[in-house]
Amino acid sequence: MQILRRCECNTSAISRVFRFSLYSTEALTSSPPEDSLQSRISSAIDSQVTLVPALEQWRKEGRSIKQHDLHRLIRKLRTFKRYHHALEIYEWMRDKLYFHVKAGDVALQLDLIAKVHGLEQAEKYFNGTPNSLRTFQVYGALLNCYSQHNSLEKAEAIMQKIRDMGCANTLSYNAMLGVYSRLGKHDKLDNLMQEMEENGIRLDGFTYCLRLNAYGDTSDIEGMEKFLMKLETDSSVNSDWNAYIASANSYMKAGLKEKAVEMLKKSEQFINGSSRRFGYEMLLTLYTALGNKAELYRIWNVYKTMGKFFNSGYVCMVSSLLKLDDMDGAEKTFEEWMSGYKLIDFRVPNMLIRAYCNKGLLEKAEQVVSRMIEKGEEPTFVTWNILAVGYYENNQMDKAVDRMKKALKAIQRGRKPNPVILRTCLEYLKDKGDVEEAEDLIRLLRELSLVSAYDYDRLMNYIRNEEPGSNSITQMLRDHEDLDADAIVNLKQESLS
């Protein structure tokens, strides 16, 4: 059974057209002051590590912290999808600086709370907000929360509230168009857009892209083409590369590859300014989905002329090449990354390590790890876990156990190892008669709170021949399983996001 999740860029344009930045370990700015609060915050690349010590240390050193500087930092963190950190700074400001809360702060915190803690907590926060702060801006943020969580009835109720306030605008209508589109209620889209036009509310590029994607979802190519023509003749809307990306995705779904390429070529003409990085990464992803290696390399060469080094681009390119089974190209791109990266992003080497493991090239996988260690980089839980699974699948259990222990020692909060691999390691050690090694592994699980005290005793009893049964072992370990999106091993999937 192949349980090592393979690496590849997400090839669904719909899921990425409007999500311009994935969580990134890029620096928050290209050139922050050498020793600034921003530079210290930027170095905390693990989203699970608290920023409070950095903030407290800055104050302890007698340095000033201005509210507007923290607001700017929060916006940057949000742009890089470091929502937990952004919210943490807001909470620290509230507790330590006692800053004056404005409607804009409430709106932003609503968004962050919904992303970090869920919709229920966001509603609780909103309900505790004074009426004087419940402006259109705050209701708009709440509407966006409901939209993003596909809570249709509540979204419709808030939208009506915004209408009654006389404040409905393009953003609020787009939020409703988004939720209707995601829930497959495409019949609602045209009515809502007609309402926009009747009320003199401008359709923007985002509105058009939402509708174009909806046409693709229903395989209505004719409707999509007519709507695209309307966009191209609408002088109030600047042509945008996202619209052509959405159209290309629809053509791809319909199997019309030549037309998809035509749309991608058109989109490239409108990629400029601050959108270049994200636009080119999207093109890399879609040319990969089309299996068009020549265009993939062409866009990559254009991408590298931007003059900046982005880890996210190398993640996308290495992943794309591996998906196209171009191992030589992936290795060369990895070497480019090795010679140029400033801030470590283990997603790049991990993809190559995983690819080697999938092919049974474990020595090559280990060589990549060794090179990272030689550069002073500490392999992550994910790195060691990839190797543990690789050795497991190649029946080298001594090394699988060793790498699993290293994975556990490097584990970050929120990550969990796969129970099947752990069970196999324990069964292997038990059959081998290495009780001491097995007990060390179980103690490590307990120290990391990956098993309860009760299950810890049961596992120890199992190692000492008082067997609870193989299925019980898996269940004990699975009871504490809560794998996140970046976990390496998954019993049911073979793709890595």
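This is a tour of a predicted model, stop by stop, with selections to make in the viewer.

The model is predicted, so local features are given where pLDDT is at least 70 and side-chain atom pairs count only at pLDDT 80 or more, whereas totals for chains, interfaces and linings use all residues. Residues are numbered from 1 along each chain as its sequence is written, and side-chain values use heavy atoms, with hydrogens and water left out.

**The whole chain**

Begin with the whole chain in cartoon view, where the secondary structure comes to 27 helices and two strands; these are DSSP runs numbered from the N terminus, helices being H or I with at least four residues and strands E with at least two. Of the 497 residues in the chain, 50% are buried, where buried means under 20% relative accessible area, exposed means over 50%, and partly exposed lies in between (1.4 Å probe, protein chains only). Among contacts (heavy atoms within 4.5 Å) with a separation of 6 or more, 65% are between residues 24 or more positions apart.

**The largest nonpolar core**

Next select Ile 89, Met 176, Trp 337 and Leu 408, the residues with the most contacts inside the largest nonpolar core, which has 150 residues. A nonpolar core is here a set of buried Ala, Val, Leu, Ile, Met, Phe, Trp, Tyr and Cys residues joined through side-chain atoms within 4.5 Å. Helix H22 (residues 381–393) gives the most to this core, contributing nine residues. To look around one of these core residues, centre on Ile 89 and show Leu 51, Leu 55, Leu 70, Leu 73, Ile 74 and Leu 77, which are its contacts once neighbours within four places in sequence are left aside.

**Two helix pairs**

Two packed helices are described by the angle between their axes and the distance between the axes. The axes are lines fitted to C-alpha atoms, for helices over the stretch in contact, and the angles run from 0 to 180 degrees between N-to-C directions.

Select helix H12 (residues 205–217) together with helix H14 (residues 241–253), which pack at an angle of about 0° with their axes 9 Å apart. H12 and H14 are therefore roughly parallel to each other, on a scale where angles under 35 degrees count as roughly parallel, over 145 as roughly antiparallel, 65 to 115 as roughly perpendicular and the rest as oblique. Showing side chains brings up the contact, made by Cys 209, Leu 212, Asn 213, Gly 216 and Asp 217 of H12 and by Asn 242, Ala 243, Ala 246, Ser 247, Ser 250 and Lys 253 of H14. By class, this contact has four nonpolar, five polar and two charged residues, with Ala, Val, Leu, Ile, Met, Phe, Trp, Tyr, Cys and Pro counted as nonpolar, Asp, Glu, Lys and Arg as charged, and the others, Gly among them, as polar.

Move on to helix H19 (residues 327–340) and helix H21 (residues 362–374), whose axes come within 13 Å and cross at roughly 10°. H19 and H21 are therefore also roughly parallel to each other. The residues in contact are Glu 331, Phe 334, Glu 335, Trp 337 and Met 338 of H19 with Lys 364, Val 368, Arg 371 and Met 372 of H21, and by class they divide into five nonpolar, no polar and four charged.

**Salt bridges**

A search of the whole structure finds 31 salt bridges, each a side-chain nitrogen of Lys or Arg within 4 Å of a carboxyl oxygen of Asp or Glu.

Select Glu 268 and Arg 298, whose side chains meet in a salt bridge at 2.7 Å, N to O. Glu 268 lies in helix H15 (residues 257–269) and Arg 298 in helix H17 (residues 293–303), so the pair ties together parts that are 30 residues apart in sequence. Glu 268 is buried at 18% relative accessibility, whereas Arg 298 is partly exposed at 28%.

Then select Glu 366 and Arg 403, which meet in a salt bridge at 2.6 Å, N to O. Glu 366 lies in helix H21 and Arg 403 in helix H23 (residues 397–409), so this pair ties together parts that are 37 residues apart in sequence. Glu 366 is buried, with a relative accessible area of 15%, and Arg 403 also counts as buried, at 11%. Returning to the earlier pair, add Lys 265 and Glu 295 to the selection, since salt bridges that share partners join Lys 265, Glu 268, Glu 295 and Arg 298 into one network.

**Two loop residues**

Finish with Asn 150, in the loop between helix H8 (136–148) and helix H9 (152–164), which has a positive phi of about 55° although it is not a glycine. Asn 395, in the loop between H22 and H23, also has a positive phi, near 55°. Asn 150 is partly exposed, with a relative accessible area of 31%, whereas Asn 395 is exposed, with 69%.
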